[in-house]
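I am opening this notebook to record what I looked up, one topic at a time, and where each topic led me.

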Amino acid sequence: MRTAIYALNDTTVTIRPSSETDHVSLTSYNGQLNSAAVMDKPIALPRGIYLVRSKSEVHISGADIKIEISLRDKDEWPEPTIAVIELEKGATGKSIRAFFSIAKDIDV
């Protein structure tokens, strides 16, 4: 399962897996964050685009965020809005879709 976090401003989020045995990872679009084990603790995120990978649903809380979910990893990621593209310097709709598509075949 892939979940996008769009941090509209610098923020803190908490990611809770729906199952205690689920492994959750968090990766940033710009490559500055790659956390292999994210579990139920506050994480400071600068403004930007993030990918959460998990085997089951996750619950994400925080201020100034927008969440988008792909329940089936085989689905193509939807075209991002201009507001989403503007979250990352130099990003394009194509590069953002590629970021989320690369994760389709990665095991969590």
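**Entry 1, the surroundings of Val84.** I began with the contacts of Val84 and, leaving aside its neighbours within four places in sequence, I found it in contact with Tyr6, Ile49 and Ile96. I keep in mind throughout that this is a predicted model. Val84 is found in helix H1, which covers residues 82-85, and I then asked whether Val84 is buried or exposed. Its relative accessibility is 5%, and because buried means under 20%, Val84 counts as buried. For one of its contacts, Ile96, I also looked up the spacing: Val84 and Ile96 are 12 residues apart in sequence, while their C-alpha atoms are 9.0 Å apart in space.

**Entry 2, aromatic rings.** Tyr6 came up again when I turned to the rings, since Tyr6, Tyr29, Trp77, Phe99 and Phe100 form one aromatic cluster. How many aromatic pairs are there? The count comes to 4 aromatic pairs. In the pair of Trp77 and Phe100 the ring centres are 4.3 Å apart and the planes stand at 15°, so I noted this pair as stacked. The pair links distant parts of the chain, for Trp77 lies in the loop between E8 and H1, whereas Phe100 belongs to helix H2 (residues 93-102), 23 residues apart. I checked the burial of the two residues as well, and both Trp77 and Phe100 are buried.

**Entry 3, the sheet of 5 strands.** Next I followed the strands, and the order E4-E3-E6-E1-E8 describes an open sheet of 5 strands with antiparallel pairing. Which strands stand at the edges? They are E4 (34-35) and E8 (65-70), and each has a single partner strand, so one side of each is left without a neighbour in the sheet.

**Entry 4, strand E3 and its partners.** I looked at E3 in detail, where residues 25-28 pair with E6 (residues 48-53) in the antiparallel sense over 4 bridges. Within this pairing Thr27 stands opposite Leu51, and Ser25 has Arg53 as its bridge partner in E6. E3 also pairs with E4, again in the antiparallel sense, over 2 bridges, and there the bridge partner of Thr27 is Asn34. E3 and E4 form a hairpin with 5 residues between them, and in its turn Gly31 has a positive phi of about 80°. As a rule, the side chains of a regular strand alternate between the two faces of the sheet. In E3, Ser25 and Thr27 point one way and Leu26 and Ser28 the other way, and I found all of them buried.

**Entry 5, the sheet of 3 strands.** A further open sheet has 3 strands in the order E5-E2-E7, with antiparallel pairing. Its edge strands are E5 (42-45) and E7 (58-62), each of which pairs on one side only, and the twist averages 30° from one strand to the next. E2 (residues 11-17) and E5 pair in the antiparallel sense over 4 bridges, and Val13 has Ile43 as its bridge partner in E5.

**Entry 6, a backbone angle.** Last, I looked up Asp64, which is found in the loop between E7 and E8. Most residues other than glycine have a negative phi. I noted Asp64 for that reason, because its phi is positive, near 55°, in a residue other than glycine. Asp64 is partly exposed, with a relative accessible area of 42%.

How values were computed: Residues numbered from 1 in each chain as written. Predicted model: local features only at pLDDT ≥ 70, side-chain atom pairs only at ≥ 80, totals over all residues. Heavy atoms only, no water. Pairing = 2+ DSSP bridges. Buried < 20%, exposed > 50% of the residue type's maximum accessible area, 1.4 Å probe, protein only. Contact = heavy atoms within 4.5 Å. Axes fitted to C-alpha atoms, helices over the stretch in contact; angles between N-to-C directions. Phe/Tyr/Trp six-rings, centres within 6.5 Å; stacked < 30°, edge-to-face > 60°.
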